[in-house]
Amino acid sequence: MEQVAQAAPGARRSGKRGKVKTLNQGYWRRYWVFYAMMAPGLLVMLVNNYIPMLGTTIAFKNIRLASRSFFTDFWNSPWVGWDNFRYLFTTSDAWLITRNTVAYNAVFIVLNLIIGVAFALMFHNMRNRLAAKVHQTLMFLPYFLSMVIVAYLVYGFLHPDIGIMNRVVLPLFGAEPRMWYQDTTWWPLILPLVNTWKSIGYYAIFYLAAIIGIDQEYYEAAHIDGASKWKQVWSITVPLIRPIIIILTLLQIGRIFYADFGLFFQVTQNSGALYDKTLIIDTYVYQGFLVTGNIGMSAAAGIYQAVVGFVLVFLSNLFVRRISKDDALF
Amino acid sequence: MLKKSSKFSKSFVLIVALLMALVVVLSACGSKNNESGASGSTTPSASSKEPAASSAAPSDSGGDSAASKLPEYNLTIFFPGAPPKDETLVEAEINKYLKDKINATVDIRMIDWGQWDNKMNLAIASRDPMDIIFTASWNGHATNVAKGAFLPLNDPNGKYGNLLEKDGKDILSSLPDTFLQGAKINGLNYGVPANKELAEQGGILYRTDIADELGLTDQINNAKTIEDLGPILQVVKEKKPDIIPLFFRDGENFNSHYFAKYDYLGDNTIEGVVMKDGTDTTVKARIDMPVYKRTLEVTRDYFLKGYINKDAATTQLGVADALKKGNVFMVPSPLKPGKDTEMAAPAGLEGKLKQVAMNIPTTSTGETSGSMLGISTTSGDPERAMMFINLLHSDKYLNNLINFGIEGKHFTLNGEQMTPTAEAGNYAIGAAWMLGNQFLNYLAAGEPADKWEQFKKFNDSTHNSPALGFTFNPEPVSSQVAVMANIRKQYDPGLDTGSIDPSKAEEFFNKLKQNGLDGVIKEKQDQLNKFLGK
Amino acid sequence: MATTATATGTAGKRRFDVNQISSGSNAAINVFFWIYSAFCVLPLLLVIAVSLSDEKSVLIGGYKLWPEQFSLGAYDFLLNDYAAILKSYGVSIFVTVVGTVIALAIMAMYAYPISRKDFKHHGLFSFLVFFTILFNAGLVPFYITYKQGLGLYNSMFALMLPFFVQGFFVIVLRTFFSNSIPTALMESAKIDGAGEFRVFWQIVMPLSLPVLASVGLLCTLNYWNDWFLSLLFIREDGPMSIQFRMYRTLLDIQFLSSNTQAYSAIMKANPNFTIPGETARMAMAVVGIGPIIFVYPFLQRYFIQGLTVGAVKG
């Protein structure tokens, strides 16, 4: 669906490539409303995001608290260049935390996409609408539980002595009880499982909303042409929800260096023995902060995560542009 | 189509408009409150009680008559703990009393433990106005001092001069010198230590009823080393399979600082120690201390034999809660006189718990600076703050009021002995160890009349750590410290609880070395040598 | 052939549609979802079960779907302070409802202009909102901006404002607006002389009910589940959200288990210090969930299919 510029008094019709040339008066009369509509949002972003962003320069300073005002202290504190970034890179674990963060997030992105779309399709095609509604509601239940409670539940499963796995499930198969929290083997499976279970509702709901918006006519026509249901899905549904798929994926790529703190810190009981497979940038920074209380170092980590995310999204966006310009993020 | 949407839009617009109006009204209400919130001073209770307080005749002052010359000031006091129900009531009583003494009111701000670090770091970094703040060597005291969060309390050249000498005379006369000496950083004090037990001893607590049943009592009472405990635990495991013979968790095990006697020279999470019960001042990694390997091997042996709970490395259960469960025989514990009775009551094990010491009492910087009250650099009246702290160390009425509540309401008094009333639960802050001079406290139920004499004897029998008085400033090596913090979390819980093989300790310390251990140890040694005047 | 616009809002079976999936597939899907839904419900039931159990039996026997020993002790302990809990419920409900409505309004109004490719600056403003997703403004600058810059402390507005604009949702809304609304509709409205805002309000919004409901639902969940804002901005005796009130104790437990130094020091000094047991924690979870469970069924009705179909035809 293309958006074609509207004819307005005093304006020339635009082509797809050319810039819209308008007489200023005509433009403003037409479009002032848009600026007015965006104003509240801009104000909120200014306060919530852009003004505090100025403060991330903390990352380059060594904050000395001498006066009663943060601004004075900030002003007087010495610049220390990249010092606060060192602990992120000079550790022998630098590669480990980066690898863990990116790998897990990549897996999450793929799972969210495949399972999210699959669920949405299934909901949409179920014959019994009441059952569909019920299942959609139930799918959200895990999202209501905070990660802390999920951590307790997982602990209830994997506790070495009284956990359900060691006490009930494994004996059923005649297997030995395991020290789940000391053994890294299963966590690359457990964490995506818990993450998907908890948050699939989030993505499925968007895909479902997109699928609902597809004109039934397409399916009718295809059916008349003899297309099977499966073919209809691949030729009609998926291509038509492509924009939302791309956008959701790109947005997640932008956050690929951030991860759910609760998932990696609380569900793992912050067990050091698992660090090889569970330590990520966020938990790493947190541990450091607990000991040093250095806000400059935390701010440095934030910048690092944001920069990498930005680069990755930019590259992905370029890639998407090649394929289909309209679907790109910007 | 448009008709339908106009019905939709009308009601929607109305709703949004109404809500926005509501929000505006609310934020106005919010800002009224925020006046007090932002400055952290007047609470409604304090201001509404003022008229009542001032109705007391000004001449009725048993204390300072100079008090009336001082301008009124509201002190904010921050310390950790669960805010009690009757906080405002007790605050009012305190304010009544303080008016005549130092013409001040207090705003007690208790912050839950779980939020303490977050909120305090934030408040300090944002320069929120605060007066008195709890601080401790194990709670980032050194880092905060380095940052500039606390005022020096006895700097004659400082902005406020030597506050201790000016307004803290009672502190200086009642607090044993060791405390203040021990808590110094770079020659100055940045916090007033609480006057409490000075020495620390490590040992175990065990269930006397089970021991008597199995005939182990004498054996246990004569145990001197952790190896002696093995045979005892074996009997318990055989005869009582449902009981956990030895309960460990991360931080409470044979390798804890109070048991193995490591002096971490400040923050217990930064590697590099001297031994508290020795005289050597060479800073070494724990693995280079003979007790480390020995302890790990014994612990591992006990773990494999099933004496230690399998979830030791990850359990969130505290020692006290483990005892409450009822299926634990022995736990490690820092000891002082009467520790067993103290632990027994909340666990429901009155008379069934006994302690056995397994090393000598020692005093290190951790004991002297394990509980202090500092004055924030954002305080509006540091001298008044010092006066208040002074009262906590000398004024028996005030000290017990802030600690235990109002006599008659929260407890009844019989001589020195307190008996809790039905409303005791509404003000039970458990913060006596943070607030001033514990020797002024009334005795709680079950405590022996000579409790404080016993304490004094205990304190006097201590062996001072060779590094007493020194606190390490981690700032020059903060990058390495942050990195090492993660590595420690990876190995310590498993090694200390016997959950992983002691051979991994080599791997552990090699990894630490790779990440700057040597640099940190050298820094510690250099600072320590400077302190010792070498 | 006549088209039958079907609505997922109607209960019961869909009218016979030649183009349905086979009954085999339908059965398979149903079976799958009954199993999956069980996996979603059982943990919640487990939480409820543990909250109704006796503490000691849980400590020794672990979590059981059917408690070994029933006990209302956990709720007794929690609801001791029921006045405070009611107040927190009020705070949470208010913040959630009002916050979500305002957030939806602000975000939709922002997303629409940037969805219009003919709007000169749509790229710039898209980027402005996208950038906020990448970058977590640091905690300290954020806190200072609110407390000292805006004077927002201890007020419910401080609990709402941070979530008014979430980049993720704005971008999603934008995508829906530009892809799901047929231009023909907007053109005809403009020809009828409608201004841009009217087009937005009377055409685009009603047709976007599914995505608005989705974003609305997730906004609601964000507000309801949040406890961090209460930690930052609300005094101990102020209007805190119900999640935070429940979460405080869990935070204590977490702190003590990760900071063993502090734990030893506290234990050393104050053996009376106890933390709520397993059952109390689960009871807290139950209390914290509250009415939010009913949100999705409530918003379900907006997931209406075929909104755009009739519009173009009719």
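**Exercise 1.** In which helix of chain A is the place of Tyr87(A)? State also whether Tyr87(A) is buried or exposed, and list what Tyr87(A) touches.

*Solution.* The model is predicted.

Step 1. Tyr87(A) lies in helix H3 of chain A, residues 86–89.

Step 2. A residue counts as buried if 20 or more other C-beta atoms lie within 10 Å of its own. Tyr87(A) has 28 other C-beta atoms within 10 Å, so Tyr87(A) is buried.

Step 3. Leaving aside residues up to four places away in sequence, Tyr87(A) touches Gly288(A) and Met297(A), together with Ser479(B), Ala482(B) and Val483(B).

Step 4. As a further distance, the C-alpha atoms of Tyr87(A) and Gly272(A) are separated by 19 Å, and these two residues are 185 residues apart along the chain.

**Exercise 2.** Describe the side of chain B that touches chain A, beginning with how many residues each chain gives to the contact.

*Solution.*

Step 1. Chain B gives 38 residues to the contact and chain A gives 36 residues.

Step 2. Four helices of chain B each supply at least two residues of this side: H4 (113–125), H5 (141–147), H20 (478–496) and H21 (504–514).

Step 3. The largest share, 13 residues, comes from H20(B).

Step 4. Sorted by class, the side of chain B that touches chain A has 12 nonpolar, 18 polar and eight charged residues.

**Exercise 3.** Find the buried residues of helix H15 of chain B, and say which elements they pack against.

*Solution.*

Step 1. Helix H15 of chain B covers residues 339–347, and its buried residues are Lys339(B), Asp340(B), Glu342(B), Met343(B), Ala344(B) and Ala347(B).

Step 2. An α-helix has 3.6 residues a turn, so residues three or four places apart point the same way.

Step 3. The buried residues of H15(B) pack against three strands of chain B, S5 (201–207), S9 (328–335) and S10 (353–357), and against helix H14 (319–325).

Step 4. After H15(B) comes Gly348(B), with a positive phi near 75°.

**Exercise 4.** Into which domains is chain C divided, and how many residues of each are in contact with the other?

*Solution.*

Step 1. Chain C has domain 1 (37–71) and domain 2 (82–313). Their centres, taken over C-alpha atoms, are 31 Å apart.

Step 2. Eight residues of domain 1 of chain C are in contact with seven residues of domain 2 of chain C.

Step 3. On the side of domain 1 that touches domain 2, helix H1 (23–51) and helix H2 (55–61) of chain C give two or more residues. H1(C) provides the largest share, four residues.

Step 4. By class, this side of domain 1 has five nonpolar, two polar and one charged residues.

Technical notes
Residues are numbered from 1 along each chain as its sequence is written. Chains are lettered from A and ligands numbered from 1 in the order in which they are written. This is a predicted model: local features need pLDDT of at least 70, side-chain atom pairs count only at pLDDT 80 or more; totals for chains, interfaces and linings use all residues. Two residues are in contact if their C-beta atoms, placed from the backbone, lie within 7 Å. Ala, Val, Leu, Ile, Met, Phe, Trp, Tyr, Cys and Pro count as nonpolar, Asp, Glu, Lys and Arg as charged, and the others, Gly among them, as polar. Domain bounds come from an automatic or database domain assignment. A residue is buried if 20 or more other C-beta atoms lie within 10 Å of its own, exposed if 12 or fewer, and partly exposed in between; C-beta atoms are placed from the backbone.
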